[in-house]
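Please open the model in your viewer and keep the sequence panel visible beside it. The stops below are meant to be followed in order, with a selection to make at each one.

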Amino acid sequence: MAMQINGNYSHYGTDYEEQLKVRRQERVEEAQEEKEREAQKDTGRIPFPKDEYISSESAGNKPSGLYRLGQDERGSLKVLYDDPQKPAGKRSVKNGPAKEESVQKASEEKESVEKESTDKTSIDAAQDEKSKASEEKCVTDTDRVDQEIRKLKEERKQLQQQIKASDGDEEKVSRLQVKLAQVENELAQKDNDTYRKQNAVVTNV
């Protein structure tokens, strides 16, 4: 059985090239679409906060929000809160004649505070004299601890001499070395300022 295939294959080469061009074009378009998607995602993000300088002249004395800088009764700076629930007339905004009145009140209060402070300083001076009279004087005595440390040092010196004197007897030398190690260990624990402070005798004078 014989089969005949009819067809013209002359356009086969050009079809393949066109397919490659189409694929390349699709890849380029996909890349562009991906970039556009990324750009859209970036626009959806919150921008980084940036500090901005606003001079006091351009801002004026008008507060930028519910909080503003003002003075308390003594004239020192204080952050004040303007409650939006209160009517505008009852808010503590200082403008015009009201501001002059508040400045006058502040100066009067300052004078009264100064008078009170001079009265307080005289009272404080009297209290300082009383506290000086009632101060306690203490004496710290470390003689007992120092004597204990001196005894340990003498004992260590005697043990070292005994070890040098007993040349032939190994048992005696080993016992003396054990005692010497114990004395040196105890001396290392006690011959310091912390031990002296903990075991010092404090007496009131």
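Begin by selecting Lys190, which in this predicted model belongs to helix α5, a helix that covers residues 170–190. Lys190 has a relative accessibility of 13%, and because the cut-off for a buried residue is under 20%, Lys190 counts as buried. Now add Glu148 to the selection and display both side chains, which are joined by a polar contact of 2.4 Å. If you set aside the neighbours of Lys190 within four places in sequence, the residues in contact with Lys190 are Glu148, Ile149, Leu152 and Tyr195.

Next, select α4, residues 143–165, together with α5, and turn the view until both axes can be followed. The two axes lie 9 Å apart, and α4 and α5 pack at an angle of about 155°. Angles over 145 degrees count as roughly antiparallel, and α4 and α5 are therefore described as roughly antiparallel to each other. The crossing that α4 and α5 make is left-handed.

With both helices still selected, show the side chains where they meet. On the α4 side, the residues to pick out include Glu148, Ile149, Leu152, Arg156, Leu159 and Ile163, while on the α5 side they include Val173, Leu176, Leu180, Val183, Leu187 and Lys190. Charged residues can be found in this list as well, among them Lys153 and Glu155 in α4 and Lys179 and Glu184 in α5.

From there, move to Ser166, which sits in the loop between α4 and α5. Is Ser166 buried or exposed? Its relative accessibility is 11%, so Ser166 counts as buried. Display the backbone of Gln162 as well, and you will find that the side chain of Ser166 reaches the backbone oxygen of Gln162 at 3.0 Å. Apart from neighbours within four places in sequence, Ser166 is in contact with Lys172, Val173 and Leu176.

Finally, clear the selection and look at the whole protein chain, which contains six helices and four strands and which, read along the sequence, follows the pattern α-α-β-β-α-β-α-α-α-β. Of the 205 residues in the protein chain, 9% are buried. When a surface is drawn, the exposed area of the protein chain is about 18,800 Å², with 49% of it supplied by carbon and sulfur atoms. Among contacts between residues at least 6 apart in sequence, 56% join residues at least 24 apart.

Methods. Residues numbered from 1 in each chain as written. Predicted model: local features only at pLDDT ≥ 70, side-chain atom pairs only at ≥ 80, totals over all residues. Heavy atoms only, no water. Helix = DSSP H or I, 4+ residues; strand = E, 2+ residues; numbered from the N terminus. Buried < 20%, exposed > 50% of the residue type's maximum accessible area, 1.4 Å probe, protein only. Polar contact = N/O pair within 3.5 Å; in protein donor to acceptor, adjacent residues only side chain to side chain. Contact = heavy atoms within 4.5 Å. Areas by Shrake-Rupley, 256 points an atom, 1.4 Å probe, with all protein chains shown as cover. Axes fitted to C-alpha atoms, helices over the stretch in contact; angles between N-to-C directions. Parallel < 35°, antiparallel > 145°, perpendicular 65-115°, else oblique. Left-handed = near helix turned anticlockwise from the far one by under 90°.
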